[in-house]
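Work through the exercises below with the model open. Try each task before you read its solution.

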Amino acid sequence: MEWLLKQSSLYDILLKAEQQERLGFEDGIKLFKSNDLLRIGFVANNIRERKNGNRAYYIINRHINYSNICKNQCKFCAFSKKQEDPHGYTMSMKEILDKAAFASEEGATEFHIVGGLHPELPFDFYVKMISSIHESHPDIHIQAFTAVEIEHLSQMAGISVSETLKILKEAGLGSLPGGGAEVFSSSVREKLCPEKLSGEGWLQVMREAHNIGLRSNATMLYGHAETPEDRVNHLIKLRELQDETGGFMSFIPLAFHPKNTELSFYSSTTAMLDLKVIAISRLMLDNFDHLKAFWIMLGIKLSQISLRFGVDDIDGTVQEEKITHAAGANTPEALSVVEIIRLIREAGREPVERDTLYNPVVRKQRDAVLQGV
Ligand code: V47
Ligand code: SF4
């Protein structure tokens, strides 16, 4: 193996990562400036196999985007609408519960619930949404509200973030998704989403969630105005918080989709950048157990390849996704379990259905049916 790395100008960095030594800021920058994707990917794959063996995780889940009405106007977002916009919507409680009931019948183990920052919906709406879903489906994990939504809800309720989180947890909230992180750089945020919670604010909400026993994911939106320095700083900030709390489950790099946004002059990300971000994230985030490819954003084929570049999880069936599709994603809105299993197996990995907390899900009936897939 050493002979392979020796031929690279990244030798010292890759060897360090291979020997489980932590990479620094300059290492991250050099990796982003290199085009030696195969060697970077080779080491990322080794680390992935050390952490997760040959397993590739997936989940049977259902996304519920309860409202697209948002008081913010992030330039990269094609999903949000103003309250007076005829394309704005807010689901009724019945609609939300019907979607949850349908997903439950389909075998979902997770509801993934996020929406815009509605300027008027009272905090009670959110508590009722979580408690009603939880009462109807006590065994299905509710992963809901980005750190940005949590901060908004705390403002709507006039209570602290920590109190907000405790009330939602009491109502049945199981964990937080990783959205809203974008890139932490204040200059990029100033340009793209000036009204949004700051990077430090996002990290603080996550710290408070972890401190009361709510675990979460983390994301990074890339492929717009950010520099390699912004990406590496973002990864290091996440790594530092993970050292402190251990509360992050997985990291999900999100490829920017420009269509229908105010940033539509950007091109979509390329496969080279997508795989570089994935592999470098695997090298930098030594204290994260899981790296997830969200196939909706990355595309099905690249998600499959990513299973050999550091990724050990390709998310799930999803069912209905509005945020990336509003921005022109041409992936389907759902994948069947059979399709997910096939693409994992053809990547030479062992498919493992997981729940939100990465416990394996055993389904005797399904396992028998899928023997031949
Ligand atoms: O917060 C918005 C991003 C996020 C665009 O935690 C965009 O398991 C690309 O966070 N192009 C929501 N991205 C999605 C998200 C997520 C998805 C799947 C799994 C998990 C998880 C989290 O999508 C937003 C924002 O960062 N986003 N607009 C766009 N045009
Ligand atoms: Fe609103 Fe979130 Fe879209 Fe920003 S990314 S405009 S906060 S829905």
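**Exercise 1. Polar contacts of the ligand**

Find which backbone and side-chain atoms lie close to oxygen atoms of ligand 1 in this predicted model, starting from G178.

Solution.
- Step 1. Start with the backbone. A polar backbone atom of G178 is 2.8 Å from an oxygen atom of ligand 1.
- Step 2. Turn to the side chains. K292 places a polar side-chain atom 2.7 Å from an oxygen atom of the ligand.
- Step 3. Add N217. An N or O atom in its side chain is 3.0 Å from an oxygen atom of ligand 1.
- Step 4. Test each pair against the cut-off. A polar contact needs N or O atoms within 3.5 Å. The G178 pair, at 2.8 Å, passes. The K292 pair, at 2.7 Å, passes. The N217 pair, at 3.0 Å, passes.

**Exercise 2. Cover of the ligand**

State how many residues surround ligand 1 and what share of its accessible area the protein covers.

Solution.
- Step 1. Count the surroundings. There are 23 residues around ligand 1.
- Step 2. Pick out the closest. These are F76, G178, G180, E182 and K292.
- Step 3. Take the area. On its own, ligand 1 has 620 Å² of accessible area, and the protein covers 95% of that.

**Exercise 3. A three-stranded sheet**

Give the strand order of the open sheet that holds β1, and find what packs on that sheet.

Solution.
- Step 1. Write the order. It is β9-β1-β10, with parallel pairing.
- Step 2. Mark the edges. β9 (313–316) and β10 (350–353) each pair on one side only.
- Step 3. Get the twist. From one strand to the next it averages 25 degrees.
- Step 4. Inspect one pair. β1 (residues 55–59) joins β10 through four bridges, in the parallel sense. Here Y58 stands opposite E353 in β10.
- Step 5. Add the helix. α16 (residues 337–346) packs on the sheet and touches β1, β9 and β10. The directions of α16 and β1 make about 165 degrees.

**Exercise 4. The whole chain**

Why does the radius of gyration agree with a compact globule?

Solution.
- Step 1. List the elements. The chain has 17 helices and 10 strands.
- Step 2. Take the extent. The C-alpha atoms fill a box of roughly 60 × 55 × 40 Å along the principal axes.
- Step 3. Compare. A compact globule of 373 residues would have a radius of gyration near 21 Å; the chain has 20 Å, so the two agree.

Key:
Residues are numbered from 1 along each chain as its sequence is written. Chains are lettered from A and ligands numbered from 1 in the order in which they are written. This is a predicted model: local features need pLDDT of at least 70, side-chain atom pairs count only at pLDDT 80 or more; totals for chains, interfaces and linings use all residues. Side-chain values use heavy atoms; hydrogens and water are left out. Two strands pair if DSSP finds at least two bridges between them. Helices (H or I, at least four residues) and strands (E, at least two) are DSSP runs, numbered from the N terminus. Axes are lines fitted to C-alpha atoms, for helices over the stretch in contact, and angles run from 0 to 180 degrees between N-to-C directions. Contact means heavy atoms within 4.5 Å. A residue is near a molecule or strand if one of its heavy atoms lies within 4 Å of it. A polar contact is a pair of N or O atoms within 3.5 Å; within protein, one must be able to donate a hydrogen and the other to accept it, and residues adjacent in sequence count only if both atoms are side-chain atoms. Accessible areas come from the Shrake-Rupley method with a 1.4 Å probe; for residues, only the protein chains shown count as cover. The radius of gyration is taken over C-alpha atoms; the globule rule is 2.2 Å times the number of residues to the power 0.38.
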